[in-house]
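Me: Please give me a close look at the surroundings of the ligand in this model, and connect that part to the core, the helices and the loops of the rest of the chain.

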Amino acid sequence: MAARLLDGKIMAAELEENLKVRVDALKEKGYTPGLTVILVGEDPASQTYVNNKGKACDRLGIASTTIRMPADTTQEVLEAAIEEANADPAVNGILVQLPLPKHLDGDRALSLILPQKDVDGFHDINAGRLSRGLDCVVACTPKGALYMLKSAGIDISGKEAVIVGRSNIVGKPMALLLLQENATVTVCHSRTADLKAHTKRADILVAAIGVPKFITADMVKDGAVVVDVGINRVDGKLCGDVDFEEVAKKASYITPVPGGVGKMTIAMLMDNTVAAAEKAAK
Ligand code: NDP
């Protein structure tokens, strides 16, 4: 079986068309959505992500500001920048680009962002509300991955969903979203015994590990839907956590890297920012 591609480029472009209509409607009422991104240090991957977020804002007409801070920025200076953006009515979304340098307390910084401006969905209140199935800002990557499944009309209810990775920003919220969709969810991690026994059962397999091509064809059930969240750079080229070439021969659907979940992450950040602006404008 050759898998059908879940194409993040196409889906993100469609989503952007819709977002542009929403941004234009806000602008007609005299309201321009605003996103502030705080970038500490010079991590090359983070710089690329921040640039891509800025470009997406430009395409949609969202006012974006990037606050660049040196790697030796103190916690106080970082927190002051967050407080300033919290207090600014022109800012609807605040994003602190992760990872932060090791001397900074990221959890503390994220918890200072007003929950309604937390467009990454990482604030304790948003994470807690998601776990309770309440209305909240949902983390962009899992939200984007779920959107891809739903747009392709993939059945989730009653399916075996296996997620490899339990991070707060991908694995855990992905598990909660799939649970809300009535999948039977298993979350695996580095201490999972016999990982393959779990992944082989998956109707929907989500890889969020951070190890290039970790998921090999022998770990995947015939006809599975495979969502590759991983973004790794090997010899200057991007690749995912899934051995795409081999797994695509077995899966029914698969996301590519690049051009898969990463594109949707940015589209969902835009969606969260526009939604925050719509709420603020009311
Ligand atoms: P983390 O490093 O925070 O989490 C990785 C998870 O994988 C952990 O739960 C870890 O287990 C698990 N893991 C590591 N090694 C193994 C193993 N050998 N067997 C089973 N589980 C293992 O990463 P993130 O969740 O932040 O990111 C995961 C990947 O997704 C990365 O490649 C990252 O770049 C990418 N990413 C992509 C995004 C996008 O927009 N597409 C956005 C965010 C991330 P344990 O908890 O036990 O350590």
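Reply: What follows begins at the ligand and then moves outward through the core, one helix and several loops.

The model is predicted, and every value below is computed from it.

**The ligand and its shell**

The shell around the ligand consists of 21 residues, and Arg166, Ser167, Ser190, Ile231 and Thr265 come nearest. Three polar contacts can be described in detail. Ser190 places an N or O atom of its side chain 2.5 Å from an oxygen atom of the ligand. Arg166 also uses its side chain, with a polar atom 2.7 Å from a ligand oxygen. His189 takes part through its backbone, where an N or O atom lies 3.5 Å from a nitrogen atom of the ligand. Taken alone, the ligand exposes 920 Å², of which the protein buries 69%. Among the elements of the chain, helix 10 gives the most to this shell, with three residues.

**From the shell to the core**

Helix 10 links the ligand shell with the nonpolar interior. The largest nonpolar core has 52 residues, and Leu6, Leu35, Ile62, Leu149, Leu178, Val206 and Met270 have the most contacts inside it. Helix 10, spanning residues 261-281, is the element that gives the most to this core, with ten residues. The core receives residues from both domain 1 (30-114) and domain 2 (140-261), so it lies between them. The centres of the two domains, taken over C-alpha atoms, are 28 Å apart.

Leu35 shows how one of these core residues is surrounded. Leaving aside residues up to four places away in sequence, Leu35 touches Cys57, Ile62, Ala63, Ser64, Thr65, Gly93, Ile94, Val119, Leu269, Met270 and Thr273. Ile62 and Met270, both in that list, are also named among the core residues with the most contacts.

**Helix 7 and its cover**

Leu178, another of the core residues with the most contacts, belongs to the buried set of helix 7. Helix 7 runs over residues 171-180, and its buried residues are Gly171, Pro173, Met174, Ala175, Leu177 and Leu178. Their cover includes helix 5 (124-131) and helix 6 (140-151), together with strand 5 (160-164), strand 6 (184-188) and strand 7 (204-207). After helix 7 comes Asn182, with a positive phi near 70°.

**Around helix 8**

The loop between strand 6 and helix 8 contains Asp194. Asp194 is not a glycine, yet its phi is positive, at about 50°. With a relative accessible area of 54%, above the 50% cut-off, Asp194 counts as exposed.

Thr199, by contrast, is located in helix 8 (residues 195-199) and is buried, at 0% relative accessibility. A polar atom of the Thr199 side chain lies 2.8 Å from the backbone oxygen of Met219. Met219 is also one of the residues that Thr199 touches, along with Val162, Val164, Leu205 and Lys221, when residues up to four places away in sequence are not counted.

**Loops toward helix 10**

Asp235 lies in the loop between strand 9 (232-234) and strand 10 (237-239). Asp235 has a positive phi, near 50°, and is a residue other than glycine. Its relative accessible area is 79%, so Asp235 is exposed.

Farther along the chain, Ser252 occupies the loop between helix 9 (244-247) and strand 11 (253-254). Ser252 has a relative accessible area of 17% and is therefore buried, the limit being under 20%. The side chain of Ser252 reaches the backbone oxygen of Gly223 at 2.7 Å. Ser252 and Leu5 are 247 residues apart along the chain, while their C-alpha atoms are separated by 8.7 Å.

The loop between strand 11 and helix 10 holds Pro258, and the peptide bond from Val257 to Pro258 is cis, with omega near 0°. A cis bond also leads from Leu98 to Pro99, again with omega near 0°. Pro99 is situated in the loop between strand 4 (93-96) and helix 4 (106-112).

The account thus returns to helix 10, which gives three residues to the shell around the ligand and ten to the largest nonpolar core.

Conventions
Residues numbered from 1 in each chain as written. Predicted model: local features only at pLDDT ≥ 70, side-chain atom pairs only at ≥ 80, totals over all residues. Heavy atoms only, no water. Core = buried A, V, L, I, M, F, W, Y, C linked by side-chain atoms within 4.5 Å. Buried < 20%, exposed > 50% of the residue type's maximum accessible area, 1.4 Å probe, protein only. Helix = DSSP H or I, 4+ residues; strand = E, 2+ residues; numbered from the N terminus. Domains from an automatic or database assignment. Contact = heavy atoms within 4.5 Å. Polar contact = N/O pair within 3.5 Å; in protein donor to acceptor, adjacent residues only side chain to side chain. Near = heavy atom within 4 Å. Areas by Shrake-Rupley, 256 points an atom, 1.4 Å probe, with all protein chains shown as cover.
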